[in-house]
Amino acid sequence: MEERFTEFGMWRMPERVEKLESTPENSEALSLGAAFCPKGHGLVSGEETLAGQSGILLAFTRPNGETGRVLISTRLGDLSKKVLEGELVRGERVSLACPVCGTPLPILAQCDRCHTGDMCVLYCSPALSIEDSVAFCNVVGCPNAMLVRSDRIIRALERDML
Ligand SMILES: [Zn+2]
Ligand SMILES: [Zn+2]
């Protein structure tokens, strides 16, 4: 059997990385149908929408302690979001939590793009397995996000940032 854990008990991330371009053909592969907090609350909102699309509802806390709620896109590589409460400032690192129970989102690793944020995890099925999850950076404006599957990591091919 393949070793799933390192000697330190950390889950071993798959080494295979697939990069998919954000084209209409790939939109399903790069979209989340569901997202769950560590306690199993479904966070894909049917009530609040982002340009007609469903979004993921999250609670955030800014470095100054101010809190709010934001709706983010269910599509990887899509940075559109709607702040429902409070204020988000580009470049700030926020703490993210479930808006229902307040449980902080688990952190998978440090962001390998901006190097100041953490890759926060949402589970993609009620099984709450890291092997079917999405991780994204908690720095406002950092586009780093990846889908984690048992055998591979899927990232959206990013255009160069300006
Ligand atoms: Zn919750
Ligand atoms: Zn980042």
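Two residues are in contact if their C-beta atoms, placed from the backbone, lie within 7 Å. The model is predicted: local features need pLDDT of at least 70, side-chain atom pairs count only at pLDDT 80 or more, and totals for chains, interfaces and linings use all residues. Residues are numbered from 1 along each chain as its sequence is written.

**Exercise 1. State how confident the predictor is in the chain.**

Step 1. pLDDT is the predictor's confidence in each residue, from 0 to 100. The chain averages 90, and 94% of the residues score at least 70.

Step 2. Strands (E, at least two residues) are DSSP runs, numbered from the N terminus. Among the elements of the chain, the lowest mean pLDDT, 87, belongs to strand S2 (residues 44–50), and the highest, 98, to strand S6 (residues 95–97).

**Exercise 2. Describe the surroundings of Thr 49.**

Step 1. Thr 49 lies in strand S2.

Step 2. A residue is buried if 20 or more other C-beta atoms lie within 10 Å of its own, exposed if 12 or fewer, and partly exposed in between. Thr 49 is exposed because 12 other C-beta atoms lie within 10 Å.

Step 3. Leaving aside neighbours within four places in sequence, Thr 49 is in contact with Ser 54 and Gly 55.

**Exercise 3. Lay out the six-stranded sheet.**

Step 1. Two strands pair if DSSP finds at least two bridges between them. The open sheet has the order S1-S11-S10-S9-S8-S7, with mixed pairing.

Step 2. Strands S1 (17–20) and S7 (107–110) are the edges, each pairing on one side only.

Step 3. Strands S9 (residues 132–137) and S10 (residues 145–149) run antiparallel and are joined by five bridges. Ala 135 has Met 146 in S10 as its bridge partner.

How values were computed: Chains lettered and ligands numbered in written order. Helix = DSSP H or I, 4+ residues; strand = E, 2+ residues; numbered from the N terminus.
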